[in-house]
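Thank you for making time this morning. I would like to walk you through one structure slowly, defining each term as it comes up.

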Amino acid sequence: MTDTDLTRQSGAADAPGVPRMLLLDDARLADLRSRLDGDLAPQWRRLAEQCDLYRRTAPPAEHPLASITYLGPAAANLALAYRLTGQRHYVEEAWRWISAAVSFEHWGRAHLPDHDLDAGWLLHGLSLAYTWLGDDLGPERAEALRAKLALQGQRLYEFAVANEGSWWSSSYWQNHHWICHTGLATVGYALGERAWTERAKDAFATVIDVLPADGSDMEGVVYWRYGVPWLATYLDLLQHTEGVDWWDRCRFLANTFWYRLHQAAPGYEEIVDHGDCHDRRSGHSVALYRILAARYGIGEAQWLADTVADRFFWREAYESGVRPGVLPEAWAELLWYDAAVAPVDPATTVPPQTAFEDLGLLVHRTSWDDDATLLSFKSSPGGGRTAWETSRRIDAERGWDTLSAGHHHPDAGSFVLASRGAWLLVDEGYSNRKRAGHHNLVLVDGQGFAGEGRYHVYADAPPTRTADMVDVLAEGGFLHGRARTGRMYPDELGVESLERTIAVLPSGRVVVVDRGRAAEPRSWTLLFHADHPAEEAAPGPDDAGAGAGRHVLRNGRAGAWLTTYAPGATGVGSTVERVVTDVEANPTSSTPDLVVTRRMHTLRVTPPAARDLLAVTVIEPFDAFRADCADGPDRASGPAARLLPARAGVAVDLGDGERAYLAGPDGLIDAEGVRTRARAVLVAGGVTRVLGADA
C-alpha cells in the first residue's frame, strides 16, 4: 500500500504544521504495522473485532431521536484499520457509516442540534477518518465529507463564539466543553481552519490551568470516564499537529489516575458512585489508562488497563449505561499503548488511605484485596474548591457563568461503605432533581440543602454557601475527617453549625459523630441508605440510657452492625423509620427516553427535637457467611463496640484493642485515661495516632 497525500482544501495547504494525517506519519505507521502481530496483537484484535461489529450492524437510515455520537468513532476505527492494513473493504465499510452522518441535515435532534455532544463526537471521529482515508476515499466521497465537516465545524464554532461566557463554551470544568472543543480542534486541523483550532487552544489553555491539580473530578467517576479521555485526546492532537507539549503543564491529568484508582470499589470492577453515575459499572476506559501510563510513566495505570482488558472489559461494555461506551475506543487503545511502561500492581505501591483536598474526598480501605472494606467520605463547595473559587473570580471579572456543576450532588458530608464484595451504605447514582435526602446525610426538620430539588444545586448560590473538610488524617491504616456542612442548609432553619466527624480504624470499623446547633429546637434526622432493608436488632446490655438503636445490614457476604447513640437526647428516645426511596432520572437530554432508576432502602433515625444534636453511629462490618463467629473482626453474632463515659468529646471502644477518642466543639478529649486538647486520638494494634494536638 502506498500512502498518498491529501488534497488540501479550505486553505489547508497554506496552514503551517497541518499534518498529512492527524496523529500519524509514515514512520509511525511503519512502526505500528510491524507490531500488529507482536506486542500490539491484542490491540489489533480489539480493533478488528470492533470493525467486524460495524460490518454486522447498520447505521441509521434516518436521524434517530437518540444520540448519534457513535457514528464518529465508527468512522475512525474503520479508517485506522484501513490505514494499517491497506484492505479496501475497510474503506467501503467506513463510507457506509460516514455517508449516514453526511446525509443528516443536522447532528443531534433532541437537544441543541449541531451545537453539543453529537456534533463534537462526529467532528472528531469523521475528521480523523477524513485525514486517514485521504485520496483513497475517492474525490467525490472526499468532497462530500469535507463539505459536511466544513458546515458542521462552522456551526459549532459560531455557537461557541456566540455563547462565550455561558453553557459549555466557557464551562471549563465540564465534559461538554472538552468534547465540543476537541471536535472543533480536530476538524480545524483537518481542514486548516486556524480560527477553529485557535478557539479550542485558547479554551484548553484555561482548562488545564484551572482544573484541580490533585486530579479529583467533581462530576464523579462515570463522567470522569466519559469526559477526561477528551482532555487526553486534545493534548495528544495538539502535540502531534503543533508540537506543543502541555502534558506536564496539566497537573490534573498527571494526577487524575490516582483519583480514579481510589474510587474503585474493592476488586476494581465497580466504582464509588459519588456524583452523577448511571450505574456502578461505567467507570473504565482502557484507552485513557493507556495514555496516562504512556505520558506519565504510571505503571499502575498500565496494570489496571491490562486487568480491565483481561477480566472486566466485556461486562463493562454490555452493562454500562454510558454511550457510546468502551467498545468504540479501539482506535485509541491501539494508538495510545506504550509497551515500554511495565505494569505495576497498585497493591504493592499505593497506600490504601488517601485524601483529595480539592474535593474534600477521603478514602479508606482495609487493603487492596477484593474482599476489603472501603469507605469514601466527601465534603466540599460546589464543583470542588478550585472550581468554586476560580469560577467566581472569572465570572466577576467578565460577567460570565462558568461553573456548570450540575453533576455534583448535594452530598457534602455523605459517605458510602462497601465490604467483602458488596455494598452496605450507598448513594443514589444519577438524579435530575438532586436532594441531600438521597445521600447518607442529616435532614433538619425534614429539609436538605438550600437550592436543592433541581439539576444544578449550586447555580446562583451565594459565596458563603460552602462546605469543607478539615482535620484530615489518611495514612497508616487510619482515616479521620471533619465535614463542616451547616452553611448548606436554608437560612430559615437557623442552623448555626452542623458537622460530621468520621474515624475509620485499620479493621474497617467506623465511628461517625454528628454535631449540630440551631437557633431553636429542630428535628435532626440521620439517613442511612442501603440496597436492602436494614433489620432491627436487640439492644446491647450497655445501651440503657444511651439512646441507642441497633440495626444490621446484610448484602451477600457483607454484613455490618449499625448502632446509633444519641447520648445527649432527652425524652423517650429516637424515632426509627425504615422506608423506600426511589430515584428516577434521565441522564442525557440527547436521548430523552433513556431512564435510569435506583431503589434504596432507607433507615431514618431521629432523636427527640432539640437545639443541639449529638449522635454517635458505630458501624462494625462482619462476614455474613460466618454466623458462628462470636468475636474477632468477623462478629456475625453481634456487635462489640460500646460508648465509653466521656467528660469531653466522644469515646468508643470498638474491641480488639481499637478505640476512637474524638474531640467536642471545644477541641477537648477527656475520657478513660485520655485527657488532651486534640481533634482525635485513635488506637489500634498497639499504635496510637494523635491528630491536632497542642504543642
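**A walk through the model**

Let me begin with a helix, where the cover of the buried residues of α4 includes α2 (41–55), α3 (71–85), α5 (117–133) and α6 (139–162). Before going on, please note that this is a predicted model, in which local features need pLDDT of at least 70 and side-chain atom pairs count only at pLDDT 80 or more, while totals for chains, interfaces and linings use all residues. Residues are numbered from 1 along each chain as its sequence is written, and side-chain values use heavy atoms, with hydrogens and water left out.

A few words need their cut-offs. Helices (H or I, at least four residues) and strands (E, at least two) are DSSP runs, numbered from the N terminus. Buried means under 20% relative accessible area, exposed over 50%, and partly exposed in between, with a 1.4 Å probe and protein chains only. Contact means heavy atoms within 4.5 Å.

Which residues of α4 are buried? They are Y90, V91, E93, A94, W95, W97, I98, A100 and A101. Helix α4 itself covers residues 88–103, which is 16 residues, and it reaches 23 Å from its first C-alpha to its last, close to the 22 Å expected at 1.5 Å a residue; that expected span is 1.5 Å times one less than the number of residues.

The second helix to look at is α14, residues 385–398, whose 14 residues reach 20 Å from the first C-alpha to the last, close to the 20 Å expected. Its buried residues are A387, W388, T390, S391, I394 and D395, and what covers them includes α8 (194–210). Just after α14 comes G399, with a positive phi near 70 degrees.

Now to the sheets, where two strands pair if DSSP finds at least two bridges between them. One open sheet of five strands runs in the order β18-β19-β20-β23-β24, with antiparallel pairing. Because β18 (642–644) and β24 (687–691) stand at the edges with a single partner strand each, one side of each is left without a neighbour in the sheet. Within this sheet, β20 (residues 658–662) and β23 (residues 680–684) pair in the antiparallel sense over four bridges, and A660 stands opposite L682 in β23. β23 and β24 also pair in the antiparallel sense, over five bridges, with V687 in β24 as the bridge partner of A684. The hairpin of β23 and β24 has two residues between the strands, and there G685 takes a positive phi near 55 degrees.

Another open sheet of five strands has the order β1-β2-β3-β4-β5, again with antiparallel pairing. Its edge strands, β1 (353–356) and β5 (422–425), each pair on one side only. Strand β4 (residues 414–419) pairs with β5 over three bridges, and S419 stands opposite A422 in β5.

Finally, let us step back to the whole chain, which has 14 helices and 24 strands. Its radius of gyration is 27 Å, close to the 26 Å that the globule rule gives for 695 residues, so the chain is as compact as a globular protein of that length; the radius is taken over C-alpha atoms, and the rule is 2.2 Å times the number of residues to the power 0.38. Of the 695 residues, 62% count as buried. Residues 24 or more positions apart account for 69% of the contacts with a separation of 6 or more.
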